[in-house]
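The exercises that follow are meant to be worked with the coordinates open beside the text. Each one sets a task and then gives a solution that proceeds step by step.

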Amino acid sequence: MARSASAMRGQILESALRLFAVHGFRGTSLQDIASDAGCSKASLLYHFAGKEKILTELLTPAQDAVAALLDRVAGLEGGRLVEETVVGYVDVALLFRRQIRLLFEDIAEMSCHQDLSVMELADGLLDALAGRSQRAPARVAAWMVLGAVFITSATDDEVVPDDVLRAEMIRSALRTLDHPPS
């Protein structure tokens with residue numbers, strides 16, 4: 001029985017994400033993805049104009065989630081801004097762990113991807129994590145949290161249960177930002 005177009009797209013995306021995680025974006029060919037998805041390369045190209053478009057589709061939900069977080073905290077200030085941003089960023093990072101591993105593979109190339117707003121979103125997160133402060137200590141701490149949450153969510157540590165990982169990431173981020181949890 002033939003798969004529906006949406007089921008085929010979903011299988012292609014799932015295969016691509018899995019293969020990108022194992023072999024990297026550059027190390028995975030369209031033929032690799034098609035074979036893993038159980039379709040021809042022509043069928044894959046019917047659904048996606050190329051590997052870049054697959055990458056965009058894989059990363060767009062994470063990008064949208066960060067943008068939504070920044071919209072949610074836009075009117076907040078002070079401690080509430082910092083705390084809501086930390087909790088939201090940790091939650092987004094853990095929700096999109098596989099996509100973050102993909103970004104982590106080649107952050108320089110991925111941050112310049114033409115269809116994604118990686119650097120703009122990172123700047124927005126930095127500003128919110130710093131409590132909109134321009135002071136060096138707040139900015140440095142915010143950069144550290146931005147990187148640490150990103151790296152920690154990209155790990156595959158199966159020793160730490162997800163709920164403990166989330167709680168410790170939030171606690172550690174707030175401590176780094178010199179912000180006591182409420």
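## Exercise 1: The buried side of helix α2

Task: in this predicted model, identify the buried residues of helix α2 (residues 30–37), and then establish how they are arranged around the axis.

Solution. Begin with the list itself: Leu30, Ile33, Ala34 and Ala37 are the buried residues of this helix. They span an arc of only 100° around the axis, which places them on the same side of α2. The general background to such a pattern is that an α-helix has 3.6 residues a turn, so residues three or four places apart point the same way. Next, look for what this set of residues packs against, and you will find α1, α3 (41–47) and α4. Finally, step just past the end of α2, where glycine 38 adopts a positive phi of about 75°.

## Exercise 2: A region annotated in a record

Task: find which residues UniProt lists as "DNA-binding region", and describe the span in terms of its secondary structure.

Solution. The unreviewed UniProt entry gives residues 29–48 under that name, and such an annotation may be inferred rather than shown by experiment. Turning to the model, residues 29–48 are 75% helix and 0% strand, and the C-alpha atoms at the two ends of the span lie 13 Å apart.

## Exercise 3: Phenylalanine 25 and its surroundings

Task: classify the geometry of the aromatic pair formed by phenylalanine 20 and phenylalanine 25, and determine which charged end sits over the ring of phenylalanine 25.

Solution. The count of aromatic pairs comes to one. In that pair, phenylalanine 20 and phenylalanine 25 have ring centres 5.1 Å apart and planes at 65° to each other, and the arrangement is edge-to-face, since planes over 60 degrees apart are classed in this way. Phenylalanine 20 and phenylalanine 25 are both buried. For the second part, the charged end that sits over the ring of phenylalanine 25 belongs to lysine 51, at 4.6 Å from the ring centre.

## Exercise 4: Salt bridges between helices

Task: the whole structure holds nine salt bridges; for the one that involves glutamate 57 and the one that involves glutamate 14, work out which helices are tied together.

Solution. Take first the salt bridge between glutamate 57 and arginine 9, with an N to O distance of 2.6 Å. Glutamate 57 belongs to helix α4 (residues 51–73) and arginine 9 to helix α1 (residues 5–23), so this pair ties together parts that are 48 residues apart in sequence. Glutamate 57 is partly exposed, at a relative accessible area of 33%, and arginine 9 is likewise partly exposed, at 25%.

Then take glutamate 14 and arginine 98, whose closest N and O atoms are 2.6 Å apart in a salt bridge. Because glutamate 14 lies in helix α1 and arginine 98 in helix α6 (residues 97–105), the pair ties together parts that are 84 residues apart in sequence. Glutamate 14, at 32% relative accessibility, counts as partly exposed, as does arginine 98, at 34%.

A further case is the salt bridge between aspartate 127 and arginine 139, at 3.3 Å from N to O. Aspartate 127 is in helix α8 (residues 118–129) and arginine 139 in helix α9 (residues 136–154), so the parts tied together are twelve residues apart in sequence. As a last step, follow the shared partners, and Glu14, Arg18, Asp36 and Arg98 are found to be joined by salt bridges into one network.

Note on methods. Residues numbered from 1 in each chain as written. Predicted model: local features only at pLDDT ≥ 70, side-chain atom pairs only at ≥ 80, totals over all residues. Heavy atoms only, no water. Phe/Tyr/Trp six-rings, centres within 6.5 Å; stacked < 30°, edge-to-face > 60°. Buried < 20%, exposed > 50% of the residue type's maximum accessible area, 1.4 Å probe, protein only. Lys NZ or Arg CZ within 6 Å of the ring centre and 35° of its normal. Helix = DSSP H or I, 4+ residues; strand = E, 2+ residues; numbered from the N terminus. Salt bridge = Lys/Arg side-chain N within 4 Å of Asp/Glu carboxyl O. Arc of directions from axis to C-beta. Contact = heavy atoms within 4.5 Å.
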